[in-house]
Amino acid sequence: MSQTQRIELRRLEPEDYAALREATIAAYGDAIDEAAWSPEQFRRLLSLFPEGQFCVEVDGRIAAAALSIVVRYERFGDDHTYDEITGDGTFATHDPKRGNVLYGIDVFVHPEYRGMRLARRLYDARKELCEQLNLRAIVIGGRLPGYAAYADRMTPQEYVRAVALRELSDPVLSFQLANDFRVKKIMRGYLPGDRASKEYAALLEWNNIYYDPDQHFGIREKSAVRIAAVQWQMRPFGHFDAFMEQVEFFVDAAASYNADFVVFPEYFDAPLMAPYDHLPEAEAIRELASHSAHVAERLRELAVSYNINVIGGSLPVVEDGQLMNAGWFCRRDGSSERYEKLHITPSERSSWGMQGGHKLNVFSSDCGPIAVAVCYDIEFPELGRMFARAGAKIVFVPFQTDTQNGYMRVRHCAQSRAIENECYVVIAGCVGNLPRVNNMDIQYAQSAILTPSDFAFPTTGVKTEATPNTEMMLIADVDLDSLRELHEFGSVRTLKDRRGDLYSLHWKGWLPSQLSSEAGETDRE
């Protein structure tokens, strides 16, 4: 291939018919009777569905093409012929209103241009179109042009199996399998006159993992979610309103950048405990808890006022006489739900008498399911896996650590959870000093947004991170589609490759009703 060749992928136009016919005849030769479309068929196809007809030009000459229609697949099912699916070449089966499958009716490459990976460009264009139109799948009846040479000693099923195992190579099927199509069945008499395939075909399907059944035949919503993480400076506040003014400052700043979420750290209200420093630690934390309901109410108001979802760090809460570490997820629609720290550190237990919660902290949001793991919770891999099973793609981790040792435990475990569970993990911590608050006097943090480790993500697995021990706010976009692609096509696929035949995980605590069917089950799938 010349290094100066110009390759262009574009849609077919009516004036392309003569060049298309020439390329079609060259590609099929005498393998198929009447391989080329008639001028009338070509014009009708372009008038019905112009966006589904692609070609690749090499130096201005049509070298490859892919043609398709949209069908309501339930009308035909898996038992159909080529003539049936195309309406005997009239394309009357094209159904843009109720169709849910992009059906490939032709794809070929001129023999002079084979080896240039032109077909891959065409298939990528089809996949992108399928996603844009929000169709369930691409389906094709794939010819088996290499089968005739083996027909005297192999059944079509044996031939397809050998190609799938790479014991044999088929010029069409091998390529389709390499492009993530799967064989659904073998069809007999699919394309009359296809001598090279002995009139057999493999029914192949590529599933659109972004398909949304509630949004028909339209462009999907963007998958980017903007997150703001507050690295909160511990400082004395003269009164409650001064504290809330600082909280509102960060909410306002995050909203001004159009963030979908803003997350505060664990115990970010600790400065309000300064007036109770003369009390024993266990009593002082309970006095601080008297402010928590007021803080939560103000956070709910801010979420609505600034049109942003607020992850309200964590606050001490007294319920039925028991002291808990909890927080509120305040949605921008005005609703809110409480989450609880499940695993209590030895220091929290001995100094304050803190008790652990019992809820799986997974919540619905306008950006999909999210989860909250408060500080120490992220150090338990079982919990992260339960979040993943419940569908959470973003895990928020409000934390408070006094030393770099403690911080690194949170950081490394959060990074592990992102890799293990194919999700984003957002850690937000406190910095600075509180000289008049026992057990909360020094802080160390470097907040960050962490990612899985694969080609679609930063090499370090760090989307963004703060300057250590400096008050600031991180803002970054995370792409949920990248997680879906990782799950299906990643270099490693940790959620898919679990050995449910050897081990299992089961949640024994309280589950919201909408999660009980997913998160509560074992790993045996």
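These exercises walk through a predicted model, one part at a time.

**Exercise 1. The sheet**

Task: Find how many strands form the open sheet, and in what order they stand.

Solution:
- Step 1. Count the strands. The open sheet has 7.
- Step 2. Read the order. It runs S1-S2-S3-S4-S5-S7-S6, with mixed pairing.
- Step 3. Find the edges. Strand S1 (7-11) and strand S6 (182-188) are the edge strands, and each pairs on one side only.
- Step 4. Check the twist. From one strand to the next it averages 25 degrees.

**Exercise 2. A strand pair and a packed helix**

Task: State in which sense S1 and S2 pair. Then say which strands helix H4 touches.

Solution:
- Step 1. Take S1 with strand S2 (residues 54-58). The two pair in the antiparallel sense, over 5 bridges.
- Step 2. Pick one residue opposite another. Arg11 faces Phe54 in S2.
- Step 3. Move to helix H4 (residues 118-132). This helix packs on the sheet and touches S1, S2, strand S3 (61-71), strand S4 (101-109), strand S5 (137-143) and strand S7 (200-207).
- Step 4. Compare directions. H4 makes about 165 degrees with S4.

**Exercise 3. The largest pocket**

Task: Give the volume of the largest pocket. Then work out what lines the pocket.

Solution:
- Step 1. Start with the volume. The largest pocket has about 1,200 Å³.
- Step 2. Look towards the centre. Of the 46 lining residues, Tyr28, Asp106, Val107, Phe108 and Arg143 are the closest to it.
- Step 3. List the elements that give two or more residues to the lining. They are helix H1 (17-28), helix H3 (82-85), S4, H4, S5 and helix H6 (173-178).
- Step 4. Name the main contributor. S4 gives the most, with 6 residues.
- Step 5. Sort the lining by character. There are 25 nonpolar, 10 polar and 11 charged residues.

**Exercise 4. Val247 and Arg411**

Task: Decide whether Val247 is buried or exposed. Do the same for Arg411.

Solution:
- Step 1. Locate Val247. This residue lies in helix H7 (residues 240-256).
- Step 2. Apply the cut-off. Buried means under 20% relative accessible area. Val247 has 1% relative accessibility, so it counts as buried.
- Step 3. Find its contacts. Beyond the neighbours within four places in sequence, Val247 is in contact with Trp232, Phe264, Phe268, Leu299 and Leu302.
- Step 4. Add a distance. Val247 and Ser314 are 67 residues apart along the chain, and 13 Å separates their C-alpha atoms.
- Step 5. Turn to Arg411, in helix H12 (residues 404-420). Its relative accessibility is 12%, so Arg411 counts as buried.
- Step 6. Find its contacts in the same way. With neighbours within four places left aside, Arg411 is in contact with Ile427, Gln446, Ala448, Leu450, Val462 and Glu465.

**Exercise 5. Two positive phi values**

Task: Place Asn258 in its loop and Tyr267 in its loop. Then say how each is exposed or buried.

Solution:
- Step 1. Read phi for Asn258. The angle is near 60 degrees, a positive value in a residue other than glycine.
- Step 2. Place Asn258. The loop between H7 and strand S9 (261-263) holds this residue.
- Step 3. Use its area. Exposed means over 50%. Asn258 has a relative accessible area of 59%, so it is exposed.
- Step 4. Read phi for Tyr267. The angle is about 50 degrees, also positive, and Tyr267 is not a glycine.
- Step 5. Place Tyr267. This residue sits in the loop between S9 and helix H8 (281-289).
- Step 6. Use its accessibility. Tyr267 has 2%, so it counts as buried.

How values were computed: Residues are numbered from 1 along each chain as its sequence is written. This is a predicted model: local features need pLDDT of at least 70, side-chain atom pairs count only at pLDDT 80 or more; totals for chains, interfaces and linings use all residues. Side-chain values use heavy atoms; hydrogens and water are left out. Helices (H or I, at least four residues) and strands (E, at least two) are DSSP runs, numbered from the N terminus. Buried means under 20% relative accessible area, exposed over 50%, partly exposed in between (1.4 Å probe, protein chains only). Contact means heavy atoms within 4.5 Å. Two strands pair if DSSP finds at least two bridges between them. Axes are lines fitted to C-alpha atoms, for helices over the stretch in contact, and angles run from 0 to 180 degrees between N-to-C directions. On a 1 Å grid over the protein atoms alone, a cavity is a set of points where a 1.4 Å probe fits but cannot get out, and a pocket is an open set with protein on both sides within 12 Å along at least five of seven lines; lining residues have an atom within 4 Å of a point. Grid points are joined across faces, edges and corners, and a volume is the space filled by probe spheres set on the points. Ala, Val, Leu, Ile, Met, Phe, Trp, Tyr, Cys and Pro count as nonpolar, Asp, Glu, Lys and Arg as charged, and the others, Gly among them, as polar.
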